[in-house]
Amino acid sequence: MPAPKAIATVILLSLLAAAVPAKAQTPLPTEGIQIGLSTDNVSITAGFSGADLTIFGSLENPDPLVARQGRYDVIVVLEGPPRTVVVRRKDRVLGVWVNLDSATFENVPMSYSVATTRPLQDITEPNSYKQLSLGASNLYMQPADVGDSPATIEEFTAALRERKSATGLFSENVGGVQFLSQNLFRATVRLAPNVPVGTHKARAFLFKSGLFIKESSAQLEIRKSGFEQSIFRVAHDYSFLYGVFAISLAMITGWLGRLIFRKD
């Protein structure tokens, strides 16, 4: 049998081991993303023909190994102000094109510019984009009349997206996001010549090995400058007076034209 002294020593060591708390393991810091704009407002003139907007950002607590392996992806979106949009379908009747059907959608982004590190299909699964409502094809277009048939809503939704893409208001810049270092990146999004004025929202989405990690956002104000801005402000702040002035000006112009070009 073991000596009583040895048994007592083992019991004492066991009690000491149980009494000393286990060393708390420090959790790994969570990765994050931040973006910054060099300016919070952009002024455009009547001759604006489009431009590229640069957005800088950084990853927080990136894993060096994951960064070296290129398994971080970033998608940056510049989303225009939401407004109500009416989509009309034209049909030929007796040789004349007329509007027969229409659908109204609410809270539609007037512009939607995307920049990515890689093609969207190479970053994550389609279901992830749907859950995040990320990408022009995954934006939810809210119909004003929920009584319309699903087929009708789908038809007009597709026509709305097609029209926005044709006018450059919905665009995608594959490779528009480039990493400058393991944690710094630069994104280039496109501003269409007909970019709407108002408050735009810049959003950055971080993916790690195909999994969504975090999102960050910032706001940008796009406004007209000079004489165009004055006209725009008056038209929105004093819409009734602006309408009366526009009608009066048209009538006076027509009357003067008649006097000048009348035949005696």
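Is F205 buried or exposed? In this predicted model, F205 has a relative accessible area of 1% and is buried, and the paragraphs below work outward from the chain as a whole to the sheet and then to the aromatic rings to which F205 belongs.

The protein chain has 264 residues, of which 31% count as buried. Its accessible surface comes to about 17,100 Å², and carbon and sulfur atoms account for 58% of that surface. The secondary structure of the protein chain consists of 6 helices and 13 strands. When contacts between residues at least 6 apart in sequence are considered, 72% of them join residues that are at least 24 apart.

Among the strands, β1, β3, β11 and β10 form, in that order, an open sheet with antiparallel pairing. Strands β1 (32-36) and β10 (177-179) have a single partner strand each, and therefore stand at the edges, with one side of each left without a neighbour in the sheet. From one strand to the next, the twist of this sheet averages 25°. The pairing at the β1 edge can be followed residue by residue: β1 runs antiparallel to β3, which spans residues 51-60, and the two are joined over 5 bridges. Within this pairing, G36 has F56 of β3 as its bridge partner.

The aromatic side chains offer a second way through the model. A pair of aromatic rings is described by the distance of the centres and the angle of the planes. The count comes to 5 aromatic pairs, and one of them joins F179 to F185, with 6.1 Å from centre to centre and 65° between the planes. This pair is edge-to-face, because an angle over 60 degrees places it in that class. The two partners differ in their exposure, since F179 is partly exposed at a relative accessible area of 32%, whereas F185, at 1% relative accessibility, counts as buried.

Another pair is formed by F205 and F212, whose ring centres lie 6.2 Å apart and whose planes make an angle of 50°. Here the arrangement is tilted, because the angle is neither under 30 degrees, as stacked rings would require, nor over 60. F205 is buried, with a relative accessible area of 1%, while F212 is partly exposed at 34% relative accessibility; the latter value does not count as buried because that class requires a relative accessible area under 20%. This pair also belongs to a wider grouping, in which ring pairs link Y129, F205, F207 and F212 into a cluster.

Technical notes:
Residues are numbered from 1 along each chain as its sequence is written. This is a predicted model: local features need pLDDT of at least 70, side-chain atom pairs count only at pLDDT 80 or more; totals for chains, interfaces and linings use all residues. Side-chain values use heavy atoms; hydrogens and water are left out. Rings of Phe, Tyr and Trp (its six-membered ring) pair if their centres lie within 6.5 Å; planes under 30 degrees apart count as stacked, over 60 as edge-to-face and the rest as tilted. Buried means under 20% relative accessible area, exposed over 50%, partly exposed in between (1.4 Å probe, protein chains only). Two strands pair if DSSP finds at least two bridges between them. Helices (H or I, at least four residues) and strands (E, at least two) are DSSP runs, numbered from the N terminus. Axes are lines fitted to C-alpha atoms, for helices over the stretch in contact, and angles run from 0 to 180 degrees between N-to-C directions. Contact means heavy atoms within 4.5 Å. Accessible areas come from the Shrake-Rupley method with a 1.4 Å probe; for residues, only the protein chains shown count as cover.
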